[in-house]
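Biologist: Please take one residue of this chain and look at it closely. Then set it in the picture of the whole chain.

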Amino acid sequence: MTQRLRLNFSALRALEVATRRRSFTLAAQELHLTHSAISHQIRQIESFLDTSLFVRMHSEMIPTATCLLLAERIRNNLNGIEMALLEARDESKPRRQVLDVSVMADFANMWLIPQLDAFSEQHPGVDLSISIQNGVGPPERHDADIGIWHRRIDKHGFQSKKLVEDWVIAVCAPAFLDRYKPLTVARLPEIPLLRFASRSWQEFFHAAGVDAGDPPHGPMFSDASSLLQAALAGQGVAMLRQRLVHSCLRSQTLVQIGDTRIPSHLDYYVCWRENNPKSDAILQFTEWLARVVDQAT
């Protein structure tokens, strides 16, 4: 072809719309152009093709057979170009990562959830999808990208990192303390104690030099999150992790009884599968989490 095609996209779009609407006026309205602009663009194409593309019939512009075929091909190609541009635009944008996090309730309520805004601010490209795990160990299926549990996953293909050491202390709500003043560790066997299925008061009393065993009655809790809520509600004295209740002690929504502490025994582990395609986001989260926990001193 010796003659170069010098038609712009606007002229091709004008032809496609005018063919579909069978009206230069309606085409002008759809494309936010004037009637004369549409007429000029159609004449450009007709001049290049050396053929008429429309026949006026009353108030309609009837496309010829050549025009109908041409408009269909233009429509298909313009749609393809538009799709390619949209895909290129999407590819140029940074993609958000969603991390599925399985976490124990107490850890989520006291450490993770209060810090979500800080994580989002530092890592705006990562969203967390949080599910609560009530058991001590990992769920039967390890579907989450990250797990925060008391037990690690000792399987090939998994990484597990121990979070900080912790101690267990006796705490209660200020209102509860006021009802039983003066409240000392030595008096604890005489007052309402909150029991935890995974921890013995007898060990705490032994460390404090108090001759007492586990209380024979009182509420028993199977998860630390419920135990914490009962203590905050003023239901009794609870043994809880010092780091777990750090913010409560600082805000004085809980107070410590005495200075006795015992090892927590159950540590927290953050676990994830190796070769996860989200490895960069996982590393960002685990490093951030370690800093958050380390600050709770």
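**A close look at Q41**

Modeller: A word on long-range contacts comes first. Take the contacts in the chain between residues at least 6 apart in sequence: 72% of them join residues at least 24 apart. Keep in mind that this is a predicted model.

Now to Q41. Where does Q41 sit? Its place is in helix α3, which covers residues 35–49. Is Q41 buried or exposed? Its relative accessibility is 11%. Buried means under 20%, so Q41 counts as buried. What is Q41 in contact with, once its neighbours within four places in sequence are left aside? The partners are S10, A11, A14 and L33.

Next, the setting. Helix α3 belongs to a chain with 11 helices and 13 strands. Q41 counts as buried, and 40% of the 297 residues of the chain do too.

What about the overall form? The radius of gyration of the chain is 35 Å, whereas a compact globule of 297 residues would have one near 19 Å. The C-alpha trace spans about 110 × 45 × 30 Å along its principal axes.

Then the surface. The chain has an accessible surface of about 17,100 Å². Carbon and sulfur atoms hold 50% of that surface.

Last, the charges. The chain carries 32 positive and 33 negative charges. The mean positions of these two sets are 6 Å apart.

To return to the residue: Q41 lies in helix α3, counts as buried and has S10, A11, A14 and L33 among its contacts.

Terms used. Residues numbered from 1 in each chain as written. Predicted model: local features only at pLDDT ≥ 70, side-chain atom pairs only at ≥ 80, totals over all residues. Heavy atoms only, no water. Helix = DSSP H or I, 4+ residues; strand = E, 2+ residues; numbered from the N terminus. Rg over C-alpha atoms; globule rule 2.2 N^0.38 Å. Buried < 20%, exposed > 50% of the residue type's maximum accessible area, 1.4 Å probe, protein only. Contact = heavy atoms within 4.5 Å. Areas by Shrake-Rupley, 256 points an atom, 1.4 Å probe, with all protein chains shown as cover. Lys, Arg positive; Asp, Glu negative; His and termini not counted. Charge placed at Lys NZ, Arg CZ, Asp CG, Glu CD.
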